[in-house]
Amino acid sequence: MQFVKESDYTNCFATMELRKVTYLEERYAYELMSAPIMYVNEDGVKIDRYKEGAKEKIYELTSGSAFLIMKFCSELVEYINEQKCIFITGAHVEDFLNKNIEKFEEAVYFDPQYNDKSNIDCKSKNREWADVSEFLKDKEKMNLINRLVDRDVLVRNNSNKFKIKVGLYKEFLISMHGNEME
């Protein structure tokens with residue numbers, strides 16, 4: 001949106017309508033996870049490969065980001081194929097995540113989450129919510145935080161606490177950077 005607002009050529013011919021594109025609802029996210037890899041048995045009946053909380057865990061990790069669902073599930077399917085499994089359980093998702101979180105490339109997976117040409121140095125440690133009271137005095141930093149909230153990257157509770165919406169990104173940051181701020 002920052003580019004659209006600052007651009008000299010924004011909608012010159014009035015052919016576009018601006019709409020905020022955000023995260024998929026659970027039912028659509030589950031369909032995106034299931035449809036490409038549906039199992040068809042001998043009788044031609046389609047069977048969902050996801051079992052025992054797997055889709056729910058993936059949704060929790062991706063918050064319904066279509067891009068992240070596609071990237072994550074693509075690599076998860078490769079992992080499941082290596083394991084020679086037909087069905088995917090929540091335990092498979094956890095095992096895949098634990099074995100591969102450090103292989104995710106921040107620039108490929110998470111750049112759209114935080115990069116609108118802004119930088120912010122706030123980490124939430126290992127806790128779910130980060131207190132940003134110290135930033136309230138710095139208007140520029142608060143503007144960055146508010147932009148991340150507007151873009152659905154961060155979620156704000158009713159006080160000065162924020163959390164990263166996409167669980168996979170949070171897990172990645174913890175894995176890569178640990179608890180740098182104690």
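How many disulfides does the structure hold? The count is zero. For those who work at the bench, I recall that a disulfide is a covalent bond between the sulfur atoms of two cysteines. Please keep in mind throughout that we are looking at a predicted model.

Let me begin with the overall layout. The chain comprises nine helices and five strands. Read from the N terminus, its elements follow the order α-α-β-β-α-α-α-α-α-β-α-β-β-α. There are 182 residues in the chain, and 35% of them count as buried. If we take the contacts between residues at least 6 apart in sequence, 66% join residues at least 24 apart.

I turn now to two cysteines. Cys73 is counted as buried, because its relative accessibility is 8%, and the limit for buried is under 20%. Cys85, with a relative accessible area of 24%, is partly exposed.

Cys73 brings us to helix 4, which covers residues 66-82. This helix has 17 residues, and the distance from its first C-alpha to its last is 24 Å, close to the 24 Å expected at 1.5 Å a residue. Which residues of helix 4 are buried? They are Leu68, Ile69, Phe72, Cys73, Leu76, Tyr79 and Ile80. Around the helix axis these residues cover an arc of only 120 degrees, and they therefore sit on the same side of helix 4. The face turned away from that buried side carries Met70 and Glu82, which are exposed. Just after the helix, Lys84 adopts a positive phi of about 60 degrees.

The next topic is the aromatic residues. The model contains four aromatic pairs. In one of them, the ring centres of Tyr30 and Tyr59 are 6.1 Å apart and the planes stand at 80 degrees; the pair is edge-to-face because that angle is over 60 degrees. Where do these two tyrosines lie? Tyr30 belongs to helix 2, residues 26-34, and Tyr59 to helix 3, residues 54-62, so this pair ties together parts that are 29 residues apart in sequence. Both Tyr30 and Tyr59 are buried.

Phe72, on helix 4, forms an aromatic pair with Phe96. This pair is also edge-to-face, with 5.2 Å from centre to centre and 80 degrees between the planes. Phe96 lies in helix 5, residues 90-100, whereas Phe72 lies in helix 4, so the pair connects parts that are 24 residues apart in sequence. Phe72 and Phe96 are both buried. Ring pairs also bring in Tyr79, so to speak, as a member of a cluster with Phe72 and Phe96.

Helix 5 holds another residue to consider, His92. Is His92 buried or exposed? His92 has a relative accessible area of 19%, and it counts as buried because the limit is under 20%. Leaving aside residues up to four places away in sequence, His92 touches Leu76, Tyr79, Ile80, Cys85 and Phe87. Of these partners, Leu76, Tyr79 and Ile80 are among the buried residues of helix 4, while Cys85 is the partly exposed cysteine mentioned earlier.

Returning briefly to helix 2, I would point out Tyr28, which is found there. Tyr28 is partly exposed, with a relative accessible area of 39%. Its C-alpha atom is separated by 8.4 Å from that of Gly64, a residue 36 places away along the chain.

Finally, I come to helix 8. This helix has twelve residues, 139-150, which at 1.5 Å a residue should span 16 Å, and its end C-alpha atoms are indeed 16 Å apart. Met142, Leu144, Ile145 and Leu148 are buried in this helix. Why do we say that they line one face? Viewed down the axis of helix 8, the buried residues fall within an arc of 155 degrees, so they line one face of the helix. On the other side, Lys139, Glu140 and Asp150 are exposed.

The two ends of helix 8 complete the description. At the N-terminal end, Asp138 acts as a cap, with a side-chain oxygen 3.1 Å from the backbone nitrogen of Glu140. Just after the helix, Asp152 takes a positive phi of about 65 degrees.

Thank you for your attention.

Definitions and conventions:
Residues numbered from 1 in each chain as written. Predicted model: local features only at pLDDT ≥ 70, side-chain atom pairs only at ≥ 80, totals over all residues. Heavy atoms only, no water. Helix = DSSP H or I, 4+ residues; strand = E, 2+ residues; numbered from the N terminus. Expected span 1.5 Å × (residues − 1). Buried < 20%, exposed > 50% of the residue type's maximum accessible area, 1.4 Å probe, protein only. Arc of directions from axis to C-beta. Polar contact = N/O pair within 3.5 Å; in protein donor to acceptor, adjacent residues only side chain to side chain. Phe/Tyr/Trp six-rings, centres within 6.5 Å; stacked < 30°, edge-to-face > 60°. Contact = heavy atoms within 4.5 Å. Disulfide = S-S within 2.5 Å.
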